[in-house]
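User: Please take a close look at how helices and strands are packed in this structure. I would like to follow the reasoning step by step.

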Amino acid sequence: MSNTRTVFDLVKIKISGGIHSMLSFMRGREKRGEGFSIGTALIVSIIIIAFLLIMAFSFGVAMVLGFQMHMKKCLWLFFPLGFISSTVFSLIGTVFAAQSYLFDSKDNDLLLSMPIQPSAILLSRILALYTLNFVYSTIIFLPIGVAYGIFFKFTFVTFLCFLISIFLIPMLSTAISCLFGYFTGKITVKIPNKNLLSVVFGFVMLGGLSAVGLNLGPIISMMMYKIEVIADSVQKYSHLLYWYGLASQQGKFWGLLPMLIFSLGFSYLIFIFISRKFIKMITRKVAMKKKKYVEKPMKPTNLFHALVSKELGYFFSIPAYVMNSGMSTIMSIILGVGILLRGDLIVNSLPQLFPDASGNLVALMIGSSLALCCTMNDVTAPTISLEGKTLWLLKSTPIDPMKIFFAKALMAPIVSLPGVIFTVIASAVTLDLTVADVLFIFFIPIIACVFSGFLGICVNLKIPRFDWSTEITIIKQSLSVVITLFLAMFFTSIPFVVAIVPAAYLEDFSALWSYGICIIYFVFLVILEIFYLYTDGKTLWRFLNT
Amino acid sequence: MLKIEHLTKKYGDKVAVSDLSLEIKSGEIYGFIGHNGAGKTTTIKSCCGLLEFEEGEIYVDGISVKEDPMECKRRLSYLPDNPDLYDFMPGIKYLNFVADIYGMTQEDRETQIKKLADMFGITSDLAQPINSYSHGMKQKLALISAFMHKPKLVLLDEPFVGLDPVASHRMKEEMRSACNEGAAVFFSTHVLEVAEKLCDKIAIISGGKLVVSGPTDEVIGKTSLEDVFLKLEDDHE
């Protein structure tokens, strides 16, 4: 078989594998009934809406900045800015996946044992990564081109530049991702506690991205205001982008050549560089210092404690799990910091907004925000699926399934507890709260967590998925996670609306009534969930089979 | 110790095991032989409550698997053909976890783990996380966890896969020793020589149906187990 054919086949396998994994929740829906079809439709709709929103946003920003550039006579900057923003967006999407995409694939040994050139294996993976980058960059760059076409009109050369750019941008971001993937792969292999490092690094990156996302408005305003300064700087210091701008907007096609040569040359160099290190990278072994076993007394613990420890150990062993399902703990801490720094703002603004409020709205507001925040920690929604190939262990041993469910459900409040405690202390220190208020702010998110914890297990028992090859697929893309998240947020918001509205508008309505309504509501839901697990849940567990 | 009565298990329309009956008594090592897809794993999984079955009954120590699976599981241990363990745990933590499940005393777990880990030669690796273990080491760890709580019935699916010759030898010794203490071992294997030398009784299954069962000497007669197996397979086809 020729190398080209092999590369083509490998790319096909890689991409179809990814699509298969993404869409696997849709298979077998006939068996799962109408509820399942509604859930599937919901997810597909959300994904399409998210894509459309991003494209609409890109179109809007391009239009606004385009008119500004047109007014300031620097429209040549239009496509260079589009080029940079599309490259950055696709980089965000792929840069962290590059290492596993290129080097940590499960078919490494299999492919190396076959008569396939290692460079062909690498090329196939780079092309698969390129496809991913292509999707990401096109979401941003296509609306930019459409905006230009509608408002400023394409010439033949500008359209040609636009078309070439569509393929050039993902090439550049793929090359950068590959380089990043290579260095992270090289570094992490030498770090002993890389799980912790990955989590910290991930949270820092997410924090940075969130900060940029939250300040996108001011950033765009600043760009509009200083568009001439930006144009001057690009013209002076980045000839490559300037020439590209001239080519794409003023029809000087030669201007595209430096960018074309740079992108192709840079990508080729990266490919040559990585292909020389490829075998070494995919056969690298994590240098682990052997820990010597020292006999210690092995104290027995009760089964429930052992199960909870096992769940905790599993949770912290997967950085993506911590990042994805522990994000709300960080958000709760941010809420606490906000209360510490600007608590007075809440206290002063609420009486003005709700002059008739009888009870302490502050506690209700903080408690409900914290509860909503905590229910987003969907630790338990993937937990049954994650048992995967180890399910035999729990099922063949004498463990009451209810103990397994309770141990798993307990993870939700455990993971959320640090954020809750911090915010409760911040509220108690900063705000004028009664003991009842403080107790409410503490207990309501915890009960909400217990509710969402059990909900995750109920949903996952109903729609488990054991055909995964990496945990990330289950943690991020499984149907049970999405459904649990929506249901948890929906059910958590109901009592607060019911409790806050009368507390805000009725003079004689005591805050204690509101607290009572919320607590009784969640306790009732938790009892319902436990009843469901005790009856249907145990049966579903009995029939679970990998 | 294990009584299978007219077991029938279907996957959709496909009959995996059909009307299978067997009895394994205390002190017996019972080998279960059959081609790939013959129904060995399905039978073993049904015995330990991992699979629900349509017809028939399975009793462990006189207790019905259908009616009281928890009590049955307290008396048995099961090991699948390719045991995936909790990779994130160090070996010793995993064994301690299993000991907690079976409620073993501190003294029991310490003695048993030391004895079995020394026997399989993995004591020095017990502090390492399981994801750093080789396939054979994982198999040894899984075997330790299967034997350490002294179950009355041991159900093993292809237990010799991945074991080195020394570990295989030790494993056979452990099986015999468990049986001498009153336990019963029921295991599937493709290694006919091992079955021939080790088993007190043998059952051959083909296409989900029991073809022959009984004491090893009677099943083999004057030929070898390989000859018997191949002949029965041919006859069945």
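Analyst: Two directions count as roughly parallel at angles under 35 degrees, roughly antiparallel over 145, roughly perpendicular from 65 to 115, and oblique otherwise. The model is predicted: local features need pLDDT of at least 70 and side-chain atom pairs 80 or more, while totals for chains, interfaces and linings use all residues. Residues are numbered from 1 along each chain as written, and chains are lettered from A and ligands numbered from 1 in written order.

In chain A, helix α16 (residues 361-375) packs with helix α22 (residues 479-505) at about 175°, their axes being 9 Å apart (axes are lines fitted to C-alpha atoms, for helices over the stretch in contact, with angles from 0 to 180 degrees between N-to-C directions). α16(A) and α22(A) are therefore roughly antiparallel. Helices (H or I, at least four residues) and strands (E, at least two) are DSSP runs, numbered from the N terminus. On the side of α16(A), the contact includes L361(A), L364(A) and L372(A), and on the side of α22(A) it includes M489(A), F496(A) and I500(A) (contact: C-beta atoms, placed from the backbone, within 7 Å).

Chain A also meets chain B: 28 residues of chain A are in contact with 33 residues of chain B. On the side of chain A, α13(A) gives the largest share, 6 residues.

Within chain B, an open sheet of 6 strands follows the order β6-β7-β8-β3-β9-β10, with mixed pairing (strands pair if DSSP finds at least two bridges between them). Its edge strands, β6 (76-79) and β10 (209-215) of chain B, each pair on one side only. Neighbouring strands are turned by 15° against each other on average, direction ignored. Inside this order, β7 (153-157) and β8 (184-188) of chain B pair in the parallel sense over 5 bridges, and D157(B) has S188(B) as its bridge partner in β8(B).

Helices lie across this sheet. Helix α1 (40-47) of chain B crosses β3, β7, β8 and β9 of chain B, at about 150° to β7(B). Helix α6 (165-180) of chain B crosses β3, β7 and β8 of chain B, at about 145° to β8(B).

Finally, 10 of the 13 residues of α5(B) are buried, so this helix is largely enclosed by the rest of the structure (buried: 20 or more other C-beta atoms within 10 Å; exposed: 12 or fewer; partly exposed in between; C-beta atoms placed from the backbone). Among the buried residues are L141(B), I144(B) and F147(B). The buried residues of α5(B) pack against β6, α3, α4, β7 and α6 of chain B.

Conventions. Contact = placed C-beta atoms within 7 Å.
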